[in-house]
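Visitor: Please take me through the pockets of this protein, one part at a time. I would like a close look, with the residues around them.

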Amino acid sequence: MAPWGKRLAGVRGVLLDISGVLYDSGAGGGTAIAGSVEAVARLKRSRLKVRFCTNESQKSRAELVGQLRRLGFDISEGEVTAPAPAACQILKERGLRPYLLIHDGVRSEFDQIDTSNPNCVVIADAGESFSYQNMNNAFQVLMELENPVLISLGKGRYYKETSGLMLDVGPYMKALEYACGIKAEVVGKPSPEFFKSALQAIGVEAHQAVMIGDDIVGDVGGAQRCGMRALQVRTGKFSKSLNLSELFPHLFKMGVTTSSLEDGRERDVRLVSAVLGDCAGGEAAVAPYKQAQ
């Protein structure tokens, strides 16, 4: 493995996943992963630009940030790139009126969206709202449209809560794709547009950024497709038993190798932040730069 300083030389910005990297969600607001509060503080004290990049779709950004602040994190709503606001922008620009198959916790993000006479479906991690009736309602809306549009807030397979692994939106999205014979438009990781919007928010080019996450596909694979470096922490949904080449053959068709993925795995966000902080303050760092306007 190449020395850390060499691997991360020139990094000016860090995109941080939230669930599984900073905290595990669950009853009572979830729990912070050991050392993650201090890790975020260290990164913010460095000369690196930090952006939180999440597929969270059970909570509004305001609720998520409030929860993280109660756990001790230094974070503001304006520092978070999340799929719901991005989806709302798309709906407005294209004049789409969605049937919302979403969690009640994120419904407030869509308060300004016209949902009468739906001409598309927006699906997110709806939790208990993934009933047969609601799935069938979404199916019927799509089947009645001449040009059906299905927008999915992320496409994760599962995530980790304090009580264990939980199904994410991806399996339900795939069910509607299969039933309707269509392809969903993904808003969120691993969509290149989603990563690009996060990079634009901090004024950093892809080759100058590193993504830190627990999802080998959504975080690592998606970031590498955009030209970023990426690190998978061994927390959250991480599993060392996965056979990457068999489980995700499409990643390897994109040129991602087992060695590159394995080299990008680190213990937890504490080690990553320590080394990134050292790089930002030492000889391996680039010269000081102006904050994005």
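Guide: Helices and strands here are DSSP runs, numbered from the N terminus; a helix needs at least four residues and a strand at least two. Keep in mind that this is a predicted model.

Start with the largest pocket. Its volume is about 780 Å³. Its lining counts 44 residues. Nearest the centre lie K155, G156, R157, D168 and D215. Three elements give two or more residues to this lining: β9 (158–161), α6 and α8 (216–225). Of these, α6 gives the most, with 5 residues. By class, the lining has 15 nonpolar, 13 polar and 16 charged residues.

Where does the largest pocket lie relative to domain 1 and domain 2? Domain 1 covers 30–82 + 189–276, and domain 2 covers 83–186. Both give residues to the lining, so the largest pocket lies between them.

Stay with α6 for a moment. This helix spans residues 170–180 and holds Y172. Y172 belongs to an aromatic pair, and the structure holds 1 such pair. The partner is F130. The ring centres are 3.6 Å apart and the planes meet at 5 degrees. Planes under 30 degrees apart count as stacked, so this pair is stacked. F130 sits in the loop between β7 (120–123) and α5 (132–143). The two residues are 42 apart, and the pair links distant parts of the chain.

Are F130 and Y172 buried or exposed? F130 has a relative accessible area of 12%, and is buried. Y172 has 21%, and is partly exposed. The cut-off for buried is under 20%.

The loop that carries F130 also holds S129. S129 is partly exposed, at 21% relative accessibility. Its C-alpha atom is 8.4 Å from that of D104. Along the chain, S129 and D104 are 25 residues apart.

One more ring deserves a look. K237 lies over the face of Y158, 5.5 Å from the ring centre.

Now the second largest pocket. It holds about 260 Å³ of space. Its lining has 17 residues. Those nearest the centre are A86, V187, E193, F194 and S197. Four elements each supply at least two residues: β5 (80–81), α4 (83–94), β11 (185–187) and α7 (192–202). The largest share comes from α7, with 4 residues. The classes here are 9 nonpolar, 4 polar and 4 charged. Domain 1 and domain 2 both give residues to this lining too, so the second largest pocket lies between them.

Two of its lining elements, β11 and α7, are joined by a loop that contains P190. The peptide bond from K189 to P190 is cis. Its omega is near 10 degrees.

Last, a backbone detail at N117. Its phi is near 45 degrees, a positive value in a residue other than glycine. N117 is found in the loop between β6 (98–101) and β7. With a relative accessible area of 59%, N117 is exposed.

To recap the pockets: the largest pocket lies between domain 1 and domain 2, and so does the second largest pocket. α6 gives the most to the lining of the largest pocket, while α7 has the largest share in the second largest pocket.

Methods
Residues numbered from 1 in each chain as written. Predicted model: local features only at pLDDT ≥ 70, side-chain atom pairs only at ≥ 80, totals over all residues. Heavy atoms only, no water. Phe/Tyr/Trp six-rings, centres within 6.5 Å; stacked < 30°, edge-to-face > 60°. Buried < 20%, exposed > 50% of the residue type's maximum accessible area, 1.4 Å probe, protein only. Lys NZ or Arg CZ within 6 Å of the ring centre and 35° of its normal. 1 Å grid on protein atoms, 1.4 Å probe; cavity = no way out; pocket = protein on both sides within 12 Å on 5 of 7 lines; lining within 4 Å. Points joined across faces, edges and corners; volume = space filled by probe spheres on them. Nonpolar A, V, L, I, M, F, W, Y, C, P; charged D, E, K, R; others polar. Domains from an automatic or database assignment.
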